[in-house]
Every structure is written in structure tokens, then in C-alpha cells.
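Please look over the chain and its ligand before reading the briefing below, which deals with the overall fold and then with the surroundings of the ligand.

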Amino acid sequence: MDTPSDVLHRVFGYDSFRAGQQEIIDHVVAGGDALVLMPTGGGKSLCYQIPALVRSGVGVVISPLIALMQDQVDALRALGVRAGFLNSTQGFDERQLVEAEFLAGELDLLYLAPERLRVDATLRLLAKGDISLFAIDEAHCVAQWGHDFRPDYLELSRLHELWPDVPRIALTATATPATHREISSRLGLDAARHFVAGFDRPNIHYRITSKSEPKRQLLQFLREEHPDDAGIVYCLSRSSVEKIAEFLTDNGIAAVPYHAGLDAATRALHQARFLREDGLIVVATIAFGMGIDKPDVRFVAHLDLPKSVEGYYQETGRAGRDGLPATAWMAYGLQDVVQHRRMALEGDEAHRRRQVHHLDAMLALCETASCRRVMLLDYFGQEGSQPCGNCDTCQAPPETWDGTVAAQKVLSTVWRLANERRQKFGVGQVTDILLGKTTAKVLQHGHETLKVFGVGTDLGNAEWHGVVRQLLAQGLLAVESDYGALVLTDASSAVLKGERKVLLRRDTLRPARAKTSSSAKAAKTVAELPAELAPVFEGLRAWRAAVAKEQGVPAYVIFHDATLREIATRSPSSLAELSTINGVGENKLAKYGEQVLEALQATA
Ligand code: ADP
Ligand code: ZN
């Protein structure tokens, strides 16, 4: 019988296990149950694929990602693994074929959509086969209070009743301690061994910049740092998704929209193009992305503030699964805070409290003057890490300033409007009053006679917006009502009375350009090859693109970028040498070995 490391080398072509993998695999191979928390890109798939190949019988994988099953199965077949799937997208004949393979013991892995398990015929089918393990992917879908709850996942508790002797392994990349506990109890995995890997994604560079002209900033970011790279741009609304996709296309950048308002065929097409084409950008709402295991997503950009740190971590986590440098970039500004504070006023009390709690954590991450990664890891309970050197605040520590007086000016303007005039206004009017602008609206309300009129000419308009944003983020000011009227909070009075200092971070609307670009360059040099090897790499990519097209599979199913880079760098001259490269397993060596050597020769 093959050992797990034999399978790792022979089938997957990898040298060694990643952190955590071996322990999990050994535990499941021995028949134990497991609950695995591992960040995106950590290598969860191998944790059930290898045990399924080592143990006798078929590994049954429950996954909600129906649209991706075909690709997952194609990728396994390319490795010589006998895999199949059953879901609602198939016709009767195709399903029959897979069922027959399953019964004949001709499959190593069978992917199943969770709703299949509600069908008695499926349970009867499974009962007739020999099952080596159940893998429950995206296990957080069983958590009712999580953001991806799927009722069908509740059925999965039955697996253990029906097959008490078959090991189960549940996997997820998102889990605050509360979600973790819920997964464990709903799936009856309390007795399972829990494996919790760190949350850090060291290859992701985190950057949160103040929003001034989001479109221009996005364009600049893409042109300077990620020309021709694949990536995801997240927006809050469907209409902004459409607008940004069009804007990028108009500017010569290949981009497609994705949101729940598009019909299913269009969504499927855009997702498939993103997976298959090199360097395509998807502009999307958060409807896009779960389970997208495209390894070479080089950036994730947020043009709007995510609702929670969990959301931010999950969305940005889709970048850089291949371990090569990737960027998580976000533009964030006053309007985001106003809008989210307003949204957090909706719903019942419990809901509001949860929203506010999530938002406060997200805002704290945006406004922090210390390492973003340390804060992110802290949030997930991984305390005590050191500043990372690979986030914007580490690389260009923001200046902080004593904003107590500025805060008092804003707060007393709001106070005077409320107490002297019985009025509430939004940030625009408050800023105009501070700057002493005699606009029509100021004159109409007689605001030029307020004592605070014109007391804020020491700062500019954008700076006042920055002050208000930070006061909102710190809970020293609040928004009320639909139009974003500013009101004081319980915490405001301490500032007004001079009992509390307010420390603010100085916004750099134009971030320290030199620093950012040098860090970007540093990140790139790791990913980029020496100039003389670039044509070799491009030659290999062109060969790969042709093969992928011919077979109708995503390019990474043939070989990952990381593998092509290593081939270009080491320039193997024989099949034996080629076989030592990471990602070149037995099957791919036999299938593509000669072609790769020829493609190398041709570019030499
Ligand atoms: P996850 O599901 O945890 O996000 P995957 O299972 O998709 O991660 O793995 C992420 C990437 O890492 C994949 O491209 C996979 O092929 C690669 N990978 C996983 N384990 C190893 C390993 N031991 N050595 C090299 N590459 C690995
Ligand atoms: Zn840092």
C-alpha cells in the first residue's frame, strides 16, 4: 500500500507536506474524524484527497460549489486520479455513468452537492458502495449565524448515523471561535480531533488607502502594480459593479461583471472565463468568490468597505493561493463609514448589536496606525504576532497627530446645531460651517451667525472629512437617519469637556508614492523572473494556453504558474530532471513531459 508521502510525490508531484497536512492526513488515514481550520491556500484539499487515495473505497466529498465541480474533477483527472461528481447540472445519462463507476469501485473520489443527500436514491446508492471517508468542504455553511448558511448542510449530521464507521473530515477557512463551535456541534464532531492552523497569509500584502477618486485610484493601482494580472474587484452594489466593469473595459483593461442580478448563464460564463483566461478581472458583489480555487489571483481590490473583518479576510483570502506575492487593496472613505453606520441601524436589537460589533472591528482595522496583519490575526484569536513588514502601515507608518482641538470643533458645531437651532446636518454642512463658507444653504439657515462659523480654516475640506470619518469610526460621533445627519454620542462629552484626548491618523491622500512602489517592486521581484528568463516563462505559458484550450480546461489544471516558473529557472534537460520539479507528478510527466522539454528547447 502507498503511504501518504508516496502519493504526495507520485500523484501530486510535491516534495513535502505543508504545515499541518501530514498530521491531519495520518489521523484520517487511521480512521479518525477531524475538524480542520486552515486559511485559504493552506492546502486543505490534499487533507482529504490523499486519505481517499490511501484508504480503500471511494472518498465522498460534499461541496456546495456546484459550478466548480467540473473543474475540480478535471484537475484531479489530469493528475490521474479517478474522480467524478453528481449534481443537478448533469443529465440522466451522465449521472448513470458516474453511478456505475462508483458501484464498480472505479472511483477514488466522488464529489456530491449537499442537496443530493436529501434524495433517497442517493443514500441507497451510497449504501451499495464502499466509502473510505466523508469530506465536508466549506463546513462553515452549516453554521446558521454564519454568512454562508445552507439549510442542506444540516442534513449532513445524518452521515454519521448512517455510516458510523466511516471517518469524517470537515474543512473550512473561515471560523471565528463561535462559528467553530457551531460547526462542531451541528456536525456532531465534538469527539473529532480539531486541527487549527494559523490564519496568517504572509504572501498577501495588505493596504488600505483613503478614498478620494476611487476610479482613478483603482486604475492607477492596476496599471502600476498589476498590469495583465487576474484579480477581483469587490463593490457593494450591482450598479457600481456594472459601472466599474464598464469603466475598466473603456480603459483597455479586460474585466467582466458578476452579481446576483445577472442571469445564471451570464454568471456561469463570466466565472468560467475568469478561471480559464489569463489576466481577466472580475468586478463583483460578494455573491462571487466562494470556493473559487484559482491559484493565481494576484489581487483583490475593495472599492467599498466590507461589513465585517470575517468578510474582509475571506474575500482578500482569494488572492495568492499559490503562495506567490499578492495584494489586498482597499480604498475607504467617509461615505463608507456614514453608509455602514446607517445600515447598522436597521433590523432588530440583536441584529443591530451584531452589525455594530462587526463594523467597529472593521473600522478599527481601517484606521489603525499599527500593523494590519497583527490586528487581523488578533481578531481571529491568534495573539502576540510581530509587525509583519508586508502591510502599508508597517512600510510607511502613518503619522498620528493630536486631534483633540479639531474634534472639539466638529463636536461643538454638531452640539450648537442641535441645542441652539434644534437642527441636524450632515458632514457637508458641518464642514462648510467650520470653513466659514457662505454657501446658499449656510445663509438660508443663518449658520454664519453660529459661534463656530469659520473656526476651522486651519484645515482643508478633505482634512475635515478625515476628522469626521475618524470620529465616526471611533464612536465619538454617530450618524442618524437616512440622510446621514451627525449626532453626538455618550462618548462625545468627555472630548468636549477636554477630559479625553483624541489621537488621529494623518491621511495621506497621495500615499508615500516612493515607499509604496518600492514595496510593490520588492513584492514583484519575488514573483518575477530575471529578465532573461521571462521569454522562457512566456513560451511555457503559451504552450500551456494551447494545451488548456484544446482540452477545454483552465490553464492551471495543466500546470500552475509556480511550476512553470520553476521549470524556466531550472531548465531541466531530461524527463528525470523534470520529474523533480514541484507540481510534476507521474501522470503529468507521462502526458506532458516531452512537450515541456520541447517547448523549453524552442525558447532557448
Ligand atoms: P485550500 O483549499 O486550503 O484553499 P488548496 O487545497 O486549494 O488550498 O491548495 C492551495 C494550493 O497549494 C494548491 O495550488 C495546491 O496544489 C498547493 N499545495 C497544497 N499542498 C501542497 C504541498 N504540500 N506542496 C506544494 N503545493 C501544495
Ligand atoms: Zn504589517
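The points that follow go from the chain as a whole to the site of ligand 1.

The structure is a predicted model, in which the chain holds 27 helices and 17 strands. Its radius of gyration is 27 Å, close to the 25 Å that the globule rule gives for 604 residues, so the chain is as compact as a globular protein of that length.

**Overall dimensions**
- Taken along the principal axes, the box filled by the C-alpha atoms of the chain is roughly 85 × 60 × 45 Å.

**Site of ligand 1**
- The second largest pocket is where ligand 1 sits, and 15 residues surround this ligand, of which Y14, G41, S45, R321 and H560 come nearest.
- Sorted by class, the shell around ligand 1 is made up of eight polar, four nonpolar and three charged residues.
- Helix α3, which spans residues 44–54, supplies three residues, the largest share of the shell around ligand 1.

**Polar contacts and cover**
- Y14 places a polar side-chain atom 2.5 Å from an oxygen atom of ligand 1, while an N or O atom in the side chain of S45 is 2.6 Å from an oxygen atom of the ligand.
- In G42 it is a polar backbone atom that takes part, at 3.4 Å from an oxygen atom of ligand 1.
- On its own, ligand 1 has 560 Å² of accessible area, and the protein covers 86% of that area.

Conventions. Residues are numbered from 1 along each chain as its sequence is written. Chains are lettered from A and ligands numbered from 1 in the order in which they are written. This is a predicted model: local features need pLDDT of at least 70, side-chain atom pairs count only at pLDDT 80 or more; totals for chains, interfaces and linings use all residues. Side-chain values use heavy atoms; hydrogens and water are left out. A residue is near a molecule or strand if one of its heavy atoms lies within 4 Å of it. A polar contact is a pair of N or O atoms within 3.5 Å; within protein, one must be able to donate a hydrogen and the other to accept it, and residues adjacent in sequence count only if both atoms are side-chain atoms. Accessible areas come from the Shrake-Rupley method with a 1.4 Å probe; for residues, only the protein chains shown count as cover. On a 1 Å grid over the protein atoms alone, a cavity is a set of points where a 1.4 Å probe fits but cannot get out, and a pocket is an open set with protein on both sides within 12 Å along at least five of seven lines; lining residues have an atom within 4 Å of a point. A molecule sits in a cavity or pocket if more than half of its atoms lie within 2 Å of its grid points. Helices (H or I, at least four residues) and strands (E, at least two) are DSSP runs, numbered from the N terminus. Ala, Val, Leu, Ile, Met, Phe, Trp, Tyr, Cys and Pro count as nonpolar, Asp, Glu, Lys and Arg as charged, and the others, Gly among them, as polar. The radius of gyration is taken over C-alpha atoms; the globule rule is 2.2 Å times the number of residues to the power 0.38.
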